Amino acid sequence: SHREAPEIAKDPVADSTDVYAFVSPDKPGTVTLIANYIPLQGPAGGPNFYEFGDDVLYEIHVDNNGDGRADVSFQFRFRTTVRNPETFLYNTGPIQSLTSPNWNRRQSYDVTMSAGFTSRTIGTGLACPPCNIGPLSTPDYGVLAAQAVHQLGGGITVFAGQRAEGFYVDL
């Protein structure tokens with residue numbers, strides 16, 4: 001994790017840096033699962049900002065009974081769409097909504113849930129927010145991120161996008 005392993009450092013979009021599971025403070029009867037990828041990213045890393053890999057299968061496995069095997073798994077598959085292939089730019093002006101014509105490189109994803117021998121897609125074409133690249137390009141990132149929170153039914157809520165994490169290391 002965090003880019004120290006030589007082989008995964010060659011493929012940062014597949015590098016899972018941290019996984020968290022905790023009882024949700026706002027909903028004590030639920031669990032929040034968080035998986036972090038792409039270590040040490042910063043908002044000023046453009047013009048090619050951080051994205052999930054279209055060729056990576058992201059999975060979170062949950063063991064509910066302590067036997068070391070997944071009882072439930074969530075799979076995330078991403079797709080990148082380029083609105084204007086005539087430019088390499090991530091955006092051509094401020095991104096103020098998930099449908100902004102200024103946002104050139106969009107990502108969406110599908111979520112599949114597996115339990116036992118049963119697997120079903122529980123969300124398709126879900127929007128990721130744009131990268132949080134500063135007030136000129138993403139003037140209200142909080143609103144954009146909130147628009148990318150998806151309720152999938154059965155008490156499942158998903159979000160896939162950049163978040164500020166409180167992991168610090170003195171390099």
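Here are legends for three close-up views of this predicted model.

**View 1. A nonpolar patch on the surface, built by Tyr20, Phe22 and Ile34.** Together, Tyr20, Phe22 and Ile34 make a nonpolar surface patch of about 230 Å². To find your way in, start with Phe22, which sits in strand β1, covering residues 16-23. Is Phe22 buried, exposed or something in between? Phe22 counts as partly exposed, because its relative accessibility is 34%.

**View 2. Pro135 in a loop between β6 and α1.** Follow the chain past strand β6 (118-127), and you'll meet Pro135 in the loop before α1 (141-147). With a relative accessibility of 66%, Pro135 counts as exposed. Now look for Val62: how far apart are Pro135 and Val62 in space? From C-alpha to C-alpha, the distance is 37 Å, and in sequence Pro135 and Val62 are 73 residues apart.

**View 3. Cys128 and Cys131, two cysteines without a disulfide.** A quick reminder: a disulfide is a covalent bond that links the sulfur atoms of two cysteines. How many disulfides turn up in the whole structure? The search finds zero. So why is Cys128 not bonded to Cys131? The sulfur of Cys131 is the closest cysteine sulfur to that of Cys128, but at 9.1 Å it is too far for a bond; a disulfide needs the two sulfur atoms within 2.5 Å. Cys131 is in no disulfide either, as its nearest cysteine sulfur is that of Cys128, 9.1 Å away. Check the surroundings too: Cys128 is buried, with a relative accessible area of 3%, and Cys131 also counts as buried, at 5% relative accessibility.

Conventions. Residues numbered from 1 in each chain as written. Predicted model: local features only at pLDDT ≥ 70, side-chain atom pairs only at ≥ 80, totals over all residues. Heavy atoms only, no water. Patch = residues over 30% accessible without salt bridge, like charges linked within 9 Å, V, L, I, M, F, W, Y side chains within 5 Å. Areas by Shrake-Rupley, 256 points an atom, 1.4 Å probe, with all protein chains shown as cover. Salt bridge = Lys/Arg side-chain N within 4 Å of Asp/Glu carboxyl O. Helix = DSSP H or I, 4+ residues; strand = E, 2+ residues; numbered from the N terminus. Buried < 20%, exposed > 50% of the residue type's maximum accessible area, 1.4 Å probe, protein only.
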